[in-house]
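Here is a short tour of a protein model, meant to be read with the structure open beside you. Please have a viewer ready, and follow along from one region to the next.

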Amino acid sequence: MRVLLFGLLSSLCVLVSSQDVNMLLKEIDQLRFQLKKAQSSLTKLQNKCMAGQAIPSDFVQFGQSSYKLVTNPKLAYKPAEDYCRTLHPRAHLVTIESKEENQFLRDLMVNDHGTYFALIGGNDLAQEGDWRWISTGKPMQYTNWTPGMPDNSGNYEHCVTMLDSGKWNDLGCDYVEDGFFCEIDPDLSTESILG
Ligand SMILES: [Ca+2]
Ligand SMILES: [Ca+2]
């Protein structure tokens, strides 16, 4: 039986011309291309679905955005951004664009939580003195620095914290504060842009 099968296979191999092999290889290539296209469409769809995901109930809304002051775990800048990213696909360390937004966050921090200092999403990691937001990579428009800040003390202060006054100070990116703010802004991207 085995000999018979082997004989049959051998005859088949003779019948398969190199033209057939080339055709098969071409078809495999086409299938690979189609599979890649399908995978990319699926990823896009997944991202779209995730971005539309409901806002977690422990976020507080202000304007079009929703915010959470995280006090546990206490994390430094980059791990804090990573933590925000786990809460919602559009969540980032907060991007502060107005006096009103800043005041809202300050009140949330001091009045509601008794927290005194919290990290916000600014950094000048790419270039000293060029302060940008981690959510967009765009330069800060609104700022609320404490007088004399940013001072880049010790030549290593490239991240930003909000003080209990609502004013900002630049500090080391490895510094762990009382908390940090995450923001879900429906207009913001699902990517983090680190300097
Ligand atoms: Ca904002
Ligand atoms: Ca400083």
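## A long loop and its asparagines

Let us start at N152, which is partly exposed because 13 C-beta neighbours lie inside 10 Å, whereas a residue needs 20 or more to be buried. This is a predicted model, so what follows describes computed geometry. N152 belongs to the loop between β5 and β6, and its phi is positive, about 50°, although N152 is not a glycine.

N155 sits in the loop between β5 and β6 as well. N155 is also not a glycine, yet has a positive phi, of about 65°. With 7 other C-beta atoms within 10 Å, N155 is exposed.

## More from this loop

Where is a cis peptide bond to be found around P150? It joins M149 and P150, with omega about 0°, and P150 is placed in the loop between β5 and β6.

G137 lies in that loop too, between β5 (132-133) and β6 (159-162). G137 has 14 other C-beta atoms within 10 Å and is therefore partly exposed. Its C-alpha atom is 9.2 Å from that of G122, with their positions 15 residues apart along the chain.

## The overall layout

Stepping back, the protein has 4 helices and 8 strands. Read from the N terminus, the order is α-α-β-β-α-β-α-β-β-β-β-β.

Of the 195 residues in the protein, 26% are buried. Among contacts with a separation of 6 or more, 68% are between residues 24 or more positions apart.

## The nonpolar core

In soluble globular proteins, nonpolar side chains tend to be buried together. Here the largest nonpolar core has 26 residues, and L93, V94, L119, I120, F181 and C182 have the most contacts inside it. At least two residues each come from β2 (65-70), α3 (77-87), β3 (91-93), α4 (99-112), β4 (118-123), β6, β7 (168-171) and β8 (179-184). The largest share, 4 residues, is supplied by β8.

I120 is a good residue to click on. Leaving aside residues up to four places away in sequence, I120 touches L93, V94, I96, V160, T161, M162 and F181.

## Helix α3

Which residues of α3 are buried? They are Y77, A80, E81 and C84. Viewed down the axis of α3, these buried residues fall within an arc of 100°, so they line one face of the helix. An α-helix has 3.6 residues a turn, so residues three or four places apart point the same way.

D82 and T86 are exposed on the other side of α3. The buried residues of α3 are covered by elements including β3, β4, β6 and β8. Before this helix, the loop between β2 and α3 holds P73, and the peptide bond from N72 to P73 is cis, with omega near 10°.

## Helix α4

The 14 residues of α4 should span 20 Å at 1.5 Å a residue, and the end C-alpha atoms of α4 are 19 Å apart, which agrees. N102, L105 and M109 are the buried residues of α4. Looking down the axis of α4, you will find them within an arc of 70°, so they line one face of the helix.

These buried residues pack against β2, β4, β6 and β8. On the other side of α4, the exposed residues include K99, E100, N111 and D112. G114 follows α4 and has a positive phi, near 60°.

## The β6–β7 hairpin

How do β6 and β7 pair, parallel or antiparallel? The two strands are antiparallel and share 4 bridges. C159 stands opposite L171 in β7.

The hairpin of β6 and β7 has 5 residues between the strands. In this hairpin, G166 takes a positive phi near 90°.

Conventions. Residues numbered from 1 in each chain as written. Chains lettered and ligands numbered in written order. Predicted model: local features only at pLDDT ≥ 70, side-chain atom pairs only at ≥ 80, totals over all residues. Buried ≥ 20, exposed ≤ 12 C-beta atoms within 10 Å, placed from the backbone. Contact = placed C-beta atoms within 7 Å. Core = buried A, V, L, I, M, F, W, Y, C linked by C-beta atoms within 7 Å. Expected span 1.5 Å × (residues − 1). Arc of directions from axis to C-beta. Pairing = 2+ DSSP bridges.
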